[in-house]
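Trainee: I am new to this structure. Please take one part and walk me through it closely.

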Amino acid sequence: MKAKTEARLELTEAQMREYGYKVVDALVAHHAGQESKKPVAVASRAEMDELLTENAPEEATSFETVMQGVMEKVIPHINLLSHPKFFSFVPGPSNFVSVLADTLATGFNVFSGGWAASPAAAELEIITINWLLNLYGFPKKRGGGIFTSGGSMANLTALVTARNVKCGDDFSKAVIYLSDQAHSSNVKAIRVMGFTKEQIRIIPTDMEFKFAINKLKNAINKDRLEGWKPFCLLASAGTTNTGTVDQLTELSEIAKAEDLWFHIDGAYGGAAILAKDGKQLLKGVDKADSLTVDPHKWFYQPYEMGCLLVRNHKWLSGTFTEKPEYLKDVEGNSSEINFYDHGIQLTRRFRALKFYMSVKTFGLKAFREAIDYNFKLCDATESLLRKSKKWEVVSPSTLAIINFRYNPIDKKYSEAELDKLNSKISEAVVQSREAMLVTTILNGQIVLRMCLINPRTTFDHVKETIDLCEAVAEKI
């Protein structure tokens with residue numbers, strides 16, 4: 001018995017090549033020419049509904065028609081996070097070699113959950129995890145890790161592991177500590193795990209947006225006296241708002257003295273370890289029990305790719321291993337890692353391939369130089385702003401992030417007026433679609449924030465955007 005040709009969801013070899021080349025041509029044209037495009041897509045739900053809504057077709061449509069529809073109706077309405085003028089959130093600069101690697105991984109439909117399904121995929125994940133363990137000074141033989149969909153899943157995996165190791169089955173009195181600048185994914189992870197608001201301690205930060213150490217110590221002491229069980233201290237290595245790195249060495253000493261799991265969220269700033277200045281800022285990162293880094297941020301990988309590293313791989317397997325009957329025959333031996341035993345997902349993409357191929361193709365030296373360039377570009381941006389009578393630097397260049405606001409020294413605007421003015425500047429710039437530049441709030445002030453981790457962003461791109469902001473401000 002054999003299904004009809006069309007019901008087998010197959011194409012001829014000639015069709016596969018023809019359609020594949022069309023897709024590759026579209027990708028090459030995008031990567032080669034994206035600077036000439038606008039980085040921002042602006043559309044309402046009503047506009048998108050009108051453009052794209054349709055019933056699922058019962059009959060076939062030619063690939064050419066489908067592809068043309070996607071290129072004309074979908075792609076133009078997507079933000080280009082790898083564009084040189086996409087300055088907001090944490091941009092995704094990506095790289096074309098990793099795009100090709102993702103295409104291979106998807107095309108071969110690799111299942112990267114267990115050793116028996118894909119020995120080479122598991123081995124490449126072991127190898128690339130070892131590269132990262134070495135970069136961060138984690139023990140290579142005892143340490144371990146896992147690639148995840150992003151920092152959110154890496155942080156969740158870390159905190160579930162910490163809870164298991166430190167609390168066992170009873171976490172009713174467990175308390176976790178993080179700063180008011182910690183990424184929101186951590187609070188979400190804590191709530192997903194079943195902790196109540198009463199078990200989360202948000203510690204204020206100091207004027208440099210770092211953990212207020214004395215307030216942390218006071219909170220831990222108070223909790224112990226009141227019968228709570230402190231179990232985890234969560235630090236940031238590159239906050240999203242300002243790029244700030246907490247006092248990692250000092251916090252690690254507190255964690256050790258108080259018998260706390262020490263997790264560092266380096267989803268944003270972790271990759272800075274490759275740069276000379278970044279390595280100094282990240283001093284103490286090797287003291288963590290667990291560390292999150294996001295290759296799809298400053299390691300220039302396409303989405304999705306996060307990573308969790310731990311000092312002892314047995315913490316992961318001891319937390320996540322299950323032994324259902326249907327996996328009994330593929331358990332393997334202790335050296336053959338089944339990554340579904342090291343995290344939440346059973347079915348997993350082959351994420352290691354893109355990291356492996358891009359590092360092999362370009363070499364770590366190129367990544368180091370790209371990150372060094374990002375540091376210098378942000379420093380030059382700060383210098384430009386400080387020399388102007390129109391701008392105020394609110395948070396200086398740190399891990400390629402800078403926060404500033406339009407505040408001409410001759411205008412004497414009130415704080416409320418400045419907040420309104422800078423919000424309108426951001427709105428106008430985004431609506432122009434010339435650059436993505438949005439606001440954040442620091443010390444109660446609305447400020448503009450630039451994240452300059454794209455190695456293809458030039459100083460001219462920055463100056464053009466600052467000039468646009470000034471032109472907008474003069475019309476408000």
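Mentor: What follows is a close look at the sheet, its edge strand and some of the helices around it. Keep in mind that the model is predicted.

Start with the whole sheet. Seven strands form it, and it is open. Their order is 1-7-6-5-4-2-3, with mixed pairing. At the edges sit strand 1 and strand 3 (200–203), each of which pairs on one side only. On average, neighbouring strands are turned by 20° against each other, direction ignored. Strands of a sheet pair through backbone hydrogen bonds, either parallel or antiparallel. This sheet shows both kinds, as its pairing is mixed.

Now go to strand 1. Its partner is strand 7 (residues 306–310), and the two run antiparallel. Five bridges join them. In one of these pairings, Ile-146 of strand 1 has Leu-308 of strand 7 as its bridge partner.

Is this edge strand buried or exposed? Five of the five residues of strand 1 are buried, so the strand is largely enclosed by the rest of the structure. Look at both faces. Gly-144, Ile-146 and Thr-148 point one way. Gly-145 and Phe-147 point the other way. Residues on both faces are buried.

Move along to a parallel pair. Strand 5 (residues 261–266) and strand 6 (residues 290–293) run parallel and are joined by four bridges. Here His-263 stands opposite Ser-290 of strand 6.

Next come the helices that lie across the strands. Helix 6 (residues 151–167) lies across strand 1, strand 2 (174–179), strand 4 (229–236), strand 5, strand 6 and strand 7. Helix 6 runs at about 175° to strand 5. Helix 8 (residues 213–225) lies across strand 2, strand 3 and strand 4. Its angle to strand 2 is about 170°.

Strand 1 also has a link to helix 12 (residues 352–362). The buried residues of helix 12 are Ala-352, Leu-353, Lys-354, Phe-355, Ser-358 and Val-359. What covers them includes strand 1 (144–148). Helix 4 (96–107), helix 5 (119–135) and helix 13 (364–386) are also among the covering elements. After helix 12 comes Gly-363, with a positive phi near 85°.

To recap, strand 1 is an edge strand of the sheet, pairs antiparallel with strand 7, and helps cover the buried residues of helix 12.

Terms used: Residues are numbered from 1 along each chain as its sequence is written. This is a predicted model: local features need pLDDT of at least 70, side-chain atom pairs count only at pLDDT 80 or more; totals for chains, interfaces and linings use all residues. Side-chain values use heavy atoms; hydrogens and water are left out. Buried means under 20% relative accessible area, exposed over 50%, partly exposed in between (1.4 Å probe, protein chains only). Contact means heavy atoms within 4.5 Å. Two strands pair if DSSP finds at least two bridges between them. Axes are lines fitted to C-alpha atoms, for helices over the stretch in contact, and angles run from 0 to 180 degrees between N-to-C directions.
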